[in-house]
There are 2 protein chains.
Amino acid sequence: MLEKVVERIRRLGFGEEDARVLAGHFVAAEERGQAGHGLARVDWLEGLDGLQPGARPERVVAEEGFERWEARGALGYLVLAEIVRTQVESPPARARVVVAHECFPTGALGLWIRPLAEAGLCAWLTATSPARLAHPDGGPPLAGTNPLAIAVPASDGRPLVADVSMGAVTYGDVLAGRATSEELVPFGGPLAHKAFALAVGLEMLVEALAGPGHGALLVVAHPKTDPVPALRAAAAGRRLPGDR
Amino acid sequence: MLEKVVERIRRLGFGEEDARVLAGHFVAAEERGQAGHGLARVDWLEGLDGLQPGARPERVVAEEGFERWEARGALGYLVLAEIVRTQVESPPARARVVVAHECFPTGALGLWIRPLAEAGLCAWLTATSPARLAHPDGGPPLAGTNPLAIAVPASDGRPLVADVSMGAVTYGDVLAGRATSEELVPFGGPLAHKAFALAVGLEMLVEALAGPGHGALLVVAHPKTDPVPALRAAAAGRRLPGDR
């Protein structure tokens, strides 16, 4: 199945390596039940105007504690993959903030930062997307579903990887007909103002730091301690974020 | 009213400056309707064993992109106040990650980072507290209510300040009898696994970076653009996070 997806993406003009990154992401999202970020996105890519399969992201600021990346027309998936690869190869001594401008679409954020946790780094990633969430009191959409993902390594090899969208359903669910666009509201029911506040807070934070358009914000840092195994023991077999 | 609160805190042994920081926080929380972080906490301080009014936090690592603070027995409120003052006085050229070890209690996080936004800095702050949120499937409490606060400056002087606890009610509400401890669950109803994932994700992230015990994690960075006024215009008078 992976090879068939790689082949379809290759036919869109992507090189072998990029096609494998993209196909791997879509197949992994599908396997984890995040179908909105899964194989439906191959159809979506095939129908997309203005795809630039040869575009490469560029790291325009590279300091110990800060990096800025420009997508330069590359798909957000490939921008995040390149950023993560770069952090694993050249991790910060302590911590680093990374912003990416015009980084869209970004898919299932937890899948991108899992390799950072597997490399022993803590990571915190958010990314913005088209405005689909309205204020709980009504009006036009003001914020994307803006997921927040957090990955923390574990000495037992089972990192914690939380990945939470602020929407009650995903846009992929709407695209796939599993939900209506009326259901795409901040999650929380009577407490939806909480998820709305997180969505607009993350939206403004990313835009303020990365610049206009959709963007991504990553914080990567070395852990001092190893708290996940004790949490897992206390959870006594209950599923923790990121577990299959 | 403020002066009376200052006087009560002074009687606990705190110096004038610390007493004003604490009283200002409690009164501001009360005024903003966050009573769980408000004046009830003065009673709570008066009943606390082992208060060390003379303790001072110490910045034990101070780099351009990273700082580590030790509370050294100081109240978390005063640790955060000192960290914020330090960031305003010596902001990073681009971005900085700040961790605080044994930083508790921390109160209403949005109130601490608002001055950073007023000083033109973006800020993102989380802090952990005693485990009160259980897994949605049951079992013992595994995470604190672990709020996430985000502040983004605005050229019109009206920053966005989101401050969201992962609990459906606050522990302060339980203390004050306005809610039962059974109601202190991750918010979201049928989607409570989302708020639970954020709570445990933030819990593990802070403990991994700051070390055992309760801690805080702050990211502070210079904005490149000024997106809040346009959001405010699009919101057309609807209340945005942090507005009175």
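This is a guided tour of a predicted model with chains A and B, one selection at a time.

**Stop 1: chain A as a whole**

Start by showing chain A alone, coloured by secondary structure. You should find eight helices and nine strands. Align the view with the principal axes, and the C-alpha atoms of chain A fill a box of roughly 45 × 45 × 40 Å. A compact globule of 244 residues would have a radius of gyration near 18 Å, and chain A agrees, because its value is 18 Å.

Now colour chain A by burial: 54% of its 244 residues count as buried. If you like contact maps, draw one for this chain too. Among contacts with a separation of 6 or more, 62% are between residues 24 or more positions apart.

**Stop 2: a hairpin in chain A**

Select residues 133-135 and 138-143 of chain A, which are strands β5 and β6. The two strands pair in the antiparallel sense, over three bridges. For one particular pairing, pick A:Leu133 and look across to β6(A), where its bridge partner is A:Ala143. Then follow the backbone from β5(A) to β6(A): a hairpin of two residues joins them.

**Stop 3: the loop after β3, in both chains**

Next, select the stretch between β3 (95-101) and α5 (109-118) of chain A, the loop that holds A:Pro105. Which peptide bond here is cis? It is the one from A:Phe104 to A:Pro105, with omega near -10°.

Stay in this loop and click on A:Glu102, which is also found between β3 and α5 of chain A. Its phi is near 55°, a positive value in a residue other than glycine. Is A:Glu102 buried or exposed? It counts as buried, because it has 20 C-beta neighbours inside 10 Å, and the cut-off for buried is 20 or more.

Switch to chain B and visit the matching places. B:Pro105 lies in the loop between β3 and α5 (109-118) of chain B, and a cis peptide bond joins it to B:Phe104, with omega about -10°. B:Glu102 lies in that loop between β3 and α5 of chain B. Phi of B:Glu102 is near 55°, again positive in a residue other than glycine. B:Glu102 is buried, with 20 other C-beta atoms within 10 Å.

**Stop 4: the first helix of chain B**

Select residues 2-10 of chain B, helix α1, and show side chains. Its buried residues are B:Val5, B:Val6 and B:Ile9. Look down the axis of α1(B): these buried residues fall within an arc of 100°, so they line one face of the helix. On the other side of α1(B), you will find B:Glu3, B:Lys4 and B:Glu7 exposed. What do the buried residues of α1(B) pack against? Add α2 and α3 of chain B to the view, as these are their packing partners.

While those helices are on screen, pick B:Gly33, in the loop between α2 (16-31) and α3 (40-46) of chain B. B:Gly33 counts as exposed, because it has 9 C-beta neighbours inside 10 Å and the cut-off for exposed is 12 or fewer. Draw a distance from its C-alpha to that of B:Val6: the two residues are 27 apart along the chain, and the atoms are separated by 20 Å.

**Stop 5: where the chains meet**

Bring both chains back and select the residues in contact between them. There are 53 residues of chain B in contact with 53 residues of chain A. On the chain B side, the elements that give two or more residues include β3 (95-101), β4 (122-127), α7 (192-210), β9 (215-221) and α8 (228-235). Highlight α7(B), which gives the largest share, 11 residues. Colour this side of chain B by residue class, and it shows 36 nonpolar, eight polar and nine charged residues.

**Stop 6: the axis**

For the last view, superpose the copies. Chain B can be laid on chain A by a turn of 180° and a shift of 0.0 Å along the axis, with an RMSD of 0.0 Å. The two copies are thus related as by a two-fold rotation axis. To find that axis from chain B, select B:Gly188: its C-alpha is the nearest in chain B, 1.9 Å from the axis. The same surface serves both copies, with 100% of the contact residues of chain B recurring in chain A.

Key: Residues are numbered from 1 along each chain as its sequence is written. Chains are lettered from A and ligands numbered from 1 in the order in which they are written. This is a predicted model: local features need pLDDT of at least 70, side-chain atom pairs count only at pLDDT 80 or more; totals for chains, interfaces and linings use all residues. Two residues are in contact if their C-beta atoms, placed from the backbone, lie within 7 Å. Helices (H or I, at least four residues) and strands (E, at least two) are DSSP runs, numbered from the N terminus. Ala, Val, Leu, Ile, Met, Phe, Trp, Tyr, Cys and Pro count as nonpolar, Asp, Glu, Lys and Arg as charged, and the others, Gly among them, as polar. Copies are superposed by least squares on the C-alpha atoms of residues with pLDDT of at least 70 in both. The arc is that of the directions from the helix axis to the C-beta atoms. Two strands pair if DSSP finds at least two bridges between them. The radius of gyration is taken over C-alpha atoms; the globule rule is 2.2 Å times the number of residues to the power 0.38.
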